[in-house]
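Here are some worked exercises for you to try with the model open beside you. Have a go at each task before reading its solution.

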Amino acid sequence: MTESIETKVVHAGFGTDPTTGAVVPPIHLATTYAQNSPASPVGDFEYSRSGNPTRQVLENALAELEGGRHGFAFASGLAAEDVVLRTLPSDARIVIPHDAYGGTFRLVARVHAEHGLGFSAVDLGDPRAVEDSITDGVSMVWCESPTNPTLATVDIAAVAGAAHAVGALLVVDNTFATPVLQQPLALGADVVVHSSTKYLGGHSDVVGGAVVVNDDALADKIRFLQNAAGAVPAPFDCWLVLRGIRTLAIRVERQQENARAIAAALEANPNVSKVLYPGFGGMVSFLHAGGEAAAVAACQRTRLFTLAESLGAVESLIEHPALMTHASVAGTTNEVDPSLVRLSCGIEAVADLIADLEQALT
Ligand SMILES: *Cc1c(COP(=O)(O)O)cnc(C)c1O
């Protein structure tokens, strides 16, 4: 398809139901499918962990949006990441960002490293660090851009080049940018992962994950692990993510517009010592000039921004990464500044959001 992303999000994965004419896909709850003779199913499906028609619509949509050949849906973002890591030999060496999402760091450092995986946590925004760390023997480089929670950006094409030069795969967690703003496969990445709990779902009502790849052999491994380890999403959850995707472009457009205005207002606020905004997307972080206690207090004073973990939904959220989303990395290389506050900008009227932050920051 050559349509723009705004069109793709509305149509990806599904046209019209051929039997009923329904314009949205049905939710197929059946766990098992009839067979004509042993091992010869009537249709394309046998058992709903291995494959489900509602999930397949979502998986096709995910592949289309990321410009990849194969899409896979999972029960959570971390389940998706776990399967990507399981494609490696257990004693492989990988490079992860020094400011990776806390759950990703925990999955690598406390689950896979326990089984022999070696890793180094590196600033992938620093070309020197990229050159020094992505060396022979590294089989996977894990990248987030923008990063969480400091919203630094990484030159994905450059990191892809460094990874491929040593025979490593590049994985990009595209949760923050979404395929509306960035399509990593086109920049040279081999694997895209998502927490579809965030922007793809977009309404704080479904936990899910996604993997998209181009390579057929890698897709076979992921399909095998999706079925063999079994962390699949329920059909209703697939339907909710798909429903969210239909408005992804318009939500991200509004969230980005709001985030830009909020970043500018924070720049002018004397209680803010630093604004971290990459210039695109709906996430804004800032350092409170008053330190940790003042940052924590501000998080408790907002009325429209709800104090909660997660991000990417229609409602605005505020959180304190050091005590909340990134508590698991305290005392590690990935530790977060305690005066940092992270905002997920929703689709409300921006003047109301700015007024809310200004009263909270006084
Ligand atoms: C939330 C998140 C994850 C984990 O996804 P879950 O759906 O919570 O399992 C991974 N990466 C990023 C960047 C996230 O924000």
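**Exercise 1. Work out how much area domain 1 and domain 2 bury between them, and describe the contact.**

Step 1. Start with the area: domain 1 and domain 2 bury about 2400 Å² between them, with 64% of it on carbon and sulfur atoms. Buried area here is the accessible area (1.4 Å probe) that two parts lose on being put together, summed over both.

Step 2. Next, find the bounds. The domain assignment, an automatic or database one, gives domain 1 as 5-246 and domain 2 as 249-360. Their C-alpha centres lie 26 Å apart.

Step 3. Count the residues in contact (heavy atoms within 4.5 Å): domain 1 gives 32 and domain 2 gives 30.

Step 4. Look for the main contributors. P149, L151 and Y199 supply 28% of the area that domain 1 buries against domain 2, more than any other three residues.

Step 5. Check the polar side. Between the domains there are zero salt bridges, a salt bridge being a side-chain nitrogen of Lys or Arg within 4 Å of a carboxyl oxygen of Asp or Glu.

A word on the source: this is a predicted model, in which local features need pLDDT of at least 70, side-chain atom pairs count only at pLDDT 80 or more, and totals for chains, interfaces and linings use all residues. Residues are numbered from 1 along each chain as its sequence is written, and side-chain values use heavy atoms, with hydrogens and water left out.

**Exercise 2. Trace the order of the strands in the open sheet.**

Step 1. Helices (H or I, at least four residues) and strands (E, at least two) are DSSP runs, numbered from the N terminus, and two strands pair if DSSP finds at least two bridges between them.

Step 2. Seven strands then give the order 3-9-8-7-6-4-5, with mixed pairing. Strand 3 (70-74) and strand 5 (118-122) are at the edges with a single partner strand each, so one side of each has no neighbour in the sheet.

Step 3. Zoom in on one pair: strand 8 (residues 191-195) and strand 9 (residues 209-213) run antiparallel and are joined by five bridges. V192 stands opposite V212 in strand 9.

**Exercise 3. Find which residue meets E59 in a salt bridge.**

Step 1. The partner is R55, at 3.3 Å, N to O.

Step 2. Place the pair: E59 and R55 are four residues apart in helix 2, so about one helical turn separates them.

Step 3. For context, the whole structure holds six salt bridges.
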